[in-house]
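I am opening a page for this structure and noting what I look up, entry by entry. Backbone angles come before the packing and the cavities.

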Amino acid sequence: MSAVCSRSRCWSLAHGIAQAGTLYLARLSGANENPANASTWTGTGVLILNDPENSAVITATHNIDVPVTGGHIHRGTATANGPVIFPFPAPISPVGPLTWAIPAADVDNLKNQGLYMNFHTAAFPGGVIRSTLFRALLGPAAMTPLQTRVANVLDMSAGYSADLDSILVQANLAPVATQAMVLQDLSGGTLHVQTRQQLEAMGIFQSTVFAHFDGTRATASDGGHLTGFVRVGDEFGERDASENQLASSVTHPFVLAGLEHQVGPSTRLGGTLGYATGKDEFESGANGADAGETEVKTTALSGFVSFGLGDSGLTVDAMAGYGWSSIDTTRHLTSLARTAMGSPDGTVWSGALRATQSFAAGNNSRLIPYFLADIQKAEADAYSETGAGAANLVVKDREMWGSALEAGATFVVKPAAASGLFFRLQAGWRYLLDNGGSNSGVRFEGSPLYFSTYSDGLERNSLRLELAADWVLGNGGTLTLGYRGLLSSGSQSLHTLEAGYSMKF
């Protein structure tokens with residue numbers, strides 16, 4: 001990182017430049033002089049050629065600590081000295097911004113590395129530090145298709161805003177390996193989790209309601225009573241890194257409270273209020289550096305109905321929910337020593353339909369196959385990143401869909417006839433119809449150019465596994481402890497630990 005200019009230095013280099021164009025840089029040193037000298041002074045020059053290619057804005061900084069007798073742009077290659085074609089009125093650092101009505105012939109020279117910047121002192125009248133002006137490009141450093149898309153936008157975004165120009169200068173003066181890190185940091189590889197966490201929150205509420213159904217169905221009475229219930233837990237796991245996303249650890253602490261009315265032996269209806277705080281903590285690169293976090297707080301209301309079909313043992317459970325999300329995301333752009341923050345809002349809805357068929361499976365045991373279909377949609381508002389040192393990423397409205405079919409069976413066993421303890425084991429296979437992956441446009445503040453980002457969705461089909469114990473208490477209450485998992489290949493699995501209590505009134 002030693003080759004990267006400081007933020008304040010890059011800002012001074014780019015300050016005042018407000019017209020879009022093409023970025024050229026100069027790395028000034030005594031070694032670049034013709035002939036070379038042993039001076040240790042250095043500097044950086046910036047030239048932004050406008051899109052019509054008839055005007056250039058020039059800035060420069062250097063650390064020469066003796067009187068500077070002149071500063072210029074010369075015509076000539078790296079190994080050939082040439083005439084002054086644009087003198088600097090005051091060569092003391094910082095220089096500019098200066099506007100140059102550049103002739104067409106010198107535009108061609110600029111494009112072919114035929115112009116150089118030079119500073120002079122009394123001891124070095126021919127020049128003390130010098131550099132050929134070269135086209136600044138981040139594209140060659142890109143290592144993935146996403147990084148290439150970001151580089152293509154950045155390489156055409158000089159001159160739109162002073163802060164974006166400072167990022168471009170800082171990145172282009174860095175080593176190639178650091179440039180790839182800059183492109184990754186600027187790509188928005190954490191944005192996908194905003195809508196993904198919304199979908200996961202609704203999935204938690206759905207699974208929790210169905211687990212409540214399974215846990216209380218065996219103790220249902222003939223009807224005419226109310227049941228209140230509350231469940232708390234935490235869903236947790238790890239997300240893999242991919243081209244589109246950073247690796248992260250994820251947690252979803254949640255609480256769900258509900259009230260249901262049993263209106264008959266096998267019919268009940270009610271509603272819930274749920275709250276989940278989903279958080280992804282990101283890692284960046286092989287060294288596992290802290291890349292920030294995203295927190296999504298979702299509050300959701302849902303309604304449900306459950307009814308049996310005659311004496312067949314077939315039961316249908318249906319629920320639908322709608323939620324509101326508050327999103328806070330922080331991205332640590334370690335390669336640029338910057339931090340970016342954003343706080344959009346969002347909404348999410350879901351629906352699910354499940355059919356179960358109960359069969360006796362021996363003394364005090366039942367086998368209950370099930371089939372489930374569900375769908376969710378999450379939307380997050382557009383926003384612009386803010387904060388000290390933000391990269392000013394502008395993110396459009398985004399949406400993410402999820403839908404799946406699931407089939408499996410639940411085995412319910414009561415160890416002893418007189419006992420109030422029940423055990424449930426559920427296993428099923430979840431097949432994704434829509435995994436939520438989608439493209440969206442992102443740009444940098446000031447630049448009108450968008451690059452496409454792909455949001456990874458739920459990605460994999462998974463095995464659902466649930467193990468729970470329900471203890472029916474003498475006061476009409478039921479205490480539940482359980483584990484629920486969505487298990488996939490790799491490290492995309494999610495695990496839930498949950499405790500609940502229900503009370504009949």
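**Backbone entries**

I looked up the exposure of Glu-53 and found a relative accessibility of 31%, so this residue counts as partly exposed, since the partly exposed class runs between the 20% and 50% cut-offs. I should record here that the model is a predicted one. Glu-53 sits in the loop between strand 2 and strand 3 (56-62), and its phi is positive, about 60°, although it is not a glycine.

I then turned to Ala-337, another residue other than glycine with a positive phi, here near 55°. Its place is the loop between strand 14 (314-333) and strand 15 (338-342). Ala-337 is exposed because its relative accessible area, 70%, is over the 50% cut-off.

Gly-188, just after helix 5, also takes a positive phi, of about 75°.

For the peptide bonds I noted two cis cases. The bond from Ser-93 to Pro-94 is cis, with omega near 0°, and Pro-94 is found in the loop between strand 5 (84-87) and strand 6 (95-100). The bond from Gly-96 to Pro-97 is cis as well, with omega near 10°, and Pro-97 lies in strand 6.

**Packing entries**

Which residues of helix 3 (residues 145-154) are buried? I listed Leu-146, Gln-147, Val-150, Ala-151, Val-153 and Leu-154. They are on the same side of helix 3, because they cover an arc of only 160° around the axis. What covers them includes helix 4 (162-172), helix 5 (176-186), strand 23 (438-444) and strand 24 (450-455).

Helix 5 I checked separately, and it is mostly covered, with 8 of its 11 residues buried. These buried residues are Thr-178, Gln-179, Ala-180, Val-182, Leu-183, Gln-184, Asp-185 and Leu-186.

I next looked up the largest nonpolar core, which has 31 residues, and in which Leu-23, Val-150, Leu-154, Leu-186 and Phe-444 have the most contacts. At least two residues of this core are supplied by each of strand 1 (21-29), strand 2 (42-50), helix 3, helix 4, helix 5, strand 20 (393-395) and strand 23. As background, nonpolar side chains in soluble globular proteins tend to be buried together.

For Leu-154 I wrote down the contacts, leaving out residues up to four places away in sequence: Leu-154 touches Leu-138, Leu-164, Leu-168, Leu-183, Leu-186 and Phe-444. A second core, separate and of 27 residues, includes Tyr-24, Ile-102, Met-117 and Leu-133.

**Cavity entries**

How many cavities of 30 Å³ or more does a search of the whole structure find? The search gives 11, and I followed up the second largest cavity, which holds about 100 Å³ of space.

Its lining consists of Gln-206, Ser-207, Phe-210, Ala-211, Asp-214, Arg-354, Tyr-370, Leu-372, Glu-406, Gln-426, Arg-464 and Glu-466. Helix 6 (193-216), strand 18 (365-380) and strand 25 (462-472) each supply at least two of these lining residues, and the largest share, 5 residues, comes from helix 6. By residue class I recorded 4 nonpolar, 3 polar and 5 charged residues in the lining of this second largest cavity.

Terms used: Residues are numbered from 1 along each chain as its sequence is written. This is a predicted model: local features need pLDDT of at least 70, side-chain atom pairs count only at pLDDT 80 or more; totals for chains, interfaces and linings use all residues. Side-chain values use heavy atoms; hydrogens and water are left out. Buried means under 20% relative accessible area, exposed over 50%, partly exposed in between (1.4 Å probe, protein chains only). Helices (H or I, at least four residues) and strands (E, at least two) are DSSP runs, numbered from the N terminus. The arc is that of the directions from the helix axis to the C-beta atoms. Contact means heavy atoms within 4.5 Å. A nonpolar core is a set of buried Ala, Val, Leu, Ile, Met, Phe, Trp, Tyr and Cys residues joined through side-chain atoms within 4.5 Å. On a 1 Å grid over the protein atoms alone, a cavity is a set of points where a 1.4 Å probe fits but cannot get out, and a pocket is an open set with protein on both sides within 12 Å along at least five of seven lines; lining residues have an atom within 4 Å of a point. Grid points are joined across faces, edges and corners, and a volume is the space filled by probe spheres set on the points. Ala, Val, Leu, Ile, Met, Phe, Trp, Tyr, Cys and Pro count as nonpolar, Asp, Glu, Lys and Arg as charged, and the others, Gly among them, as polar.
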